[in-house]
Amino acid sequence: MFYLLFRDLFKVRQSQSTTKQQLPNLRTPLILISCTLAIGFVDITSYFVVRKLILQQLQEKALLQVNQGTDEIDQWLATCSTTIQTIANTDLARSLNWKLLEPLLNSEVKRTEDFFKISLSLPDGSYYNTEVGKSNSSNNDRDFIQKALAGEVNISDPFISRSTGIPSVAIAAPIRQSYNPSSRPIAVLNGSLKVDRITQVVNKLHYGKGSYAFALNSKGEPIIHPQVMSTQEKPAPSFLNSSDSSLAALARRMVNKEQRIELISIDGTHKYVAYVHLKQANWSIALVIPRENIESQLKALNLLASILGGLLVVAFIISWRQIQLSNKAKIQVVMLSQQQKTLQQQAQELKQAFKELQQTQAQLIQAEKMSSLSQLVAGVAHEINNPVSFIYSNLTPAQEYIADLLRVVQLYQHHYPEPVAEIQDESEAIELDFLIEDLPNLLTSMKAGAERIKKIVLSLRNFSRLDEAEMKMVNIHEGIDSTLMFLESRLKATPNHPEIEVIKEYAVLPLVECFAGELNQVFINLLTNAIDAIEESFIHPQYLHSDPDNRKGEIRIKTEIAADKQIIVRIIDNGVGIPENLQKQVFNPFFTTKPVGKGTGLALSISYQIVTEKHQGKLQYNSTVGQGTEFVMTIPLSQQAA
Ligand SMILES: Nc1ncnc2c1ncn2[C@@H]1O[C@H](COP(=O)(O)OP(=O)(O)O)[C@@H](O)[C@H]1O
Ligand SMILES: [Mg+2]
């Protein structure tokens, strides 16, 4: 059983260690085992203590019963002995005159009913008794006569009466010469008791079924016994010589006048024997009690102990199962919660990884797009810059040369008012007067065109800002303006919409520390979306709140400086607006409401990242469907301050 218990315990420990959890304590099982052992120990000890006490009491009771039996015999023998002694000590007895003595003795036999005869024995062996009068035989050889003649009152072992043939026991007392107890015995008075009377008393002793009593004389011979009876004439073998060693030992103790109760083996089975020595005669009386007669009275105790033991075992098993179950449940709960945690963690990690992947992808796409766009823009700007400069720088000398030439032509006209016919014809053909008048204007507008190209090139370079990988102090308005330059064509009237007006409400701003190229990208994204929204409002005017006929597209660009060293750029359009149910999604990568090929859904997510992560700023918006949208970008003036 304990092997099983510890095997189970070990199992629990093993599975616990696999969970790498702290070991749930072994205290409970150990407490349970020690409690069970302690209770078991106390139970067993108390059982044996109580059992011993009860058994002792039962044994004492049995011994007491034997004692009562022997007391009864002793008292009876003592009374009988007193009767004989009293008569022996009378003058009538001392007279040794049978004729005188016989009536007294007869009346005494009748009165007491104890003796069946009383005898007067003379030292020469002749005797008289109340049965037959003078007997012809001699009783000189009787042991009890000799003892009495020697002055000793004694009770004989059983013998067969010579005059009556009845198994008898004699109580013999000396008749002394005088009242003086030390005077010489002159005869013996002896009363005969039937052995039956003693047997009756002895047989009254019993203790349940199968119990029996027996008596041994001083030689260990069974004078009263259910099977054998020893008399002086027919002596039975002494128990002292019994082949049954425990019986022989018992006989020895009885002969030695010991008295007690003990458990010994008789005829191969264990029996209790209670034995007591008589005070009046040299006999011992024993009561043999089958073991179960006494121990059966322990049945209730045994039953109680078995029930308690059984209950203890059942309680232990139930508690053990309970501990096991609760341990298992604990482990399962721990494992489940661990698994749940791991799963949650993994799900979280997956989600995060997916988000990062999306953003990286978006960034890659946009970065690639922007970088090639920037390179293209930068290349074009560079290529155009040289020839334009070349043209622009030659325009001034060309203007001077032409002015010089025109002056010479005017001098010719002044000094030769009538030129030859051929010159006159040609002058009229080329409308010389108009040419002279228009040429300076033409040159001026050429110069203006070249200047404009130069400006565009500058804006292109400004926008691409390839050379600026790091933070710089930048004029935000310049960035916005160069961005607008690119979008000029989209702002103009098209078949889809009339011209879109851009209203600039610039505040006086200090330089702002930022990544100029990336911030320009944000402006172009926000402005493109604003244009898209306005365009949409003209294509689907049914969504508009205002009167569609008298309205025009309008983009308001407001800059301001906020209290806590931040600048705010607002880009406000009067386009379609963002429906409320989509408002949460506009910053998500790939979220677009535009047709395939037009929208990528990346611009706002990238702008959001540029503003919040690269510039520690905020990008927010307010929008009403049918009225328009306001995007608000806030960034700190200096990144260190942020
Ligand atoms: N100014 C605006 N007015 C109305 N809707 C806008 C505006 N800006 C952005 N949106 C909405 O947000 C979506 C995402 O914009 P964006 O990230 O620039 O992607 P795309 O322009 O390629 O669709 C747009 O499809 C549009 O529905
Ligand atoms: Mg867009």
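Reader: Where is Pro579, and which two elements does its loop run between?
Author: Before we dig in, this is a predicted model: local features need pLDDT of at least 70, side-chain atom pairs count only at pLDDT 80 or more, and totals for chains, interfaces and linings use all residues. Residues are numbered from 1 along each chain as its sequence is written, while chains are lettered from A and ligands numbered from 1 in the order in which they are written. Helices (H or I, at least four residues) and strands (E, at least two) are DSSP runs, numbered from the N terminus. With those labels, Pro579 is placed in the loop between S17 and H14.

Reader: Is Pro579 buried or exposed?
Author: Let's count C-beta atoms, placed from the backbone: a residue is buried if 20 or more others lie within 10 Å of its own, exposed if 12 or fewer, and partly exposed in between. Pro579 has 12 C-beta neighbours inside 10 Å, so it counts as exposed.

Reader: What distance separates the C-alpha atoms of Pro579 and Val625?
Author: Along the chain, Pro579 and Val625 are 46 residues apart. In space, their C-alpha atoms are separated by 5.6 Å.

Reader: Which residues of S17 point to the buried face?
Author: Side chains alternate along strand S17 (residues 566-573). Gln566, Ile568, Arg570 and Ile572 point to one face and are not buried. On the other face, the buried ones are Ile567, Val569, Ile571 and Asp573.

Reader: Which residue is the bridge partner of Arg570 in S19?
Author: Two strands pair if DSSP finds at least two bridges between them. S17 has an antiparallel link to strand S16 (residues 554-562) over eight bridges, and eight bridges also join S17 to strand S19 (residues 628-636), again antiparallel. In S19, Arg570 is partnered with Val632.

Reader: Which residue takes a positive phi in the hairpin of S16 and S17?
Author: This hairpin has three residues between its strands. The one with phi near 55° is Lys565.

Reader: Which helix gives the most residues to the shell around ligand 1?
Author: Ligand 1 is surrounded by 21 residues (a residue is near if its C-beta atom, placed from the backbone, lies within 6 Å), and Asn529 and Thr592 are among the closest. Helix H13 (516-539) and helix H14 (603-615) are the elements that give two or more residues. The top contributor, with four residues, is H13.

Reader: Which domains each give at least three residues to the largest nonpolar core?
Author: A nonpolar core is a set of buried Ala, Val, Leu, Ile, Met, Phe, Trp, Tyr and Cys residues joined through C-beta atoms within 7 Å, and the largest here has 62 residues. Its largest share, nine residues, comes from helix H2 (residues 27-88). Domain bounds come from an automatic or database domain assignment, and those giving at least three residues each are domain 2 (89-189) and domain 3 (198-297).

Reader: How many residues are in the other core?
Author: This core lies apart from the largest one. Ile500, Ala530, Ala603 and Ile635 are among its members, and its residue count is 40.

Reader: How far apart are the C-alpha centres of domain 2 and domain 4?
Author: Domain 2 covers 89-189 and domain 4 covers 470-642. Their C-alpha centres lie apart by 156 Å.
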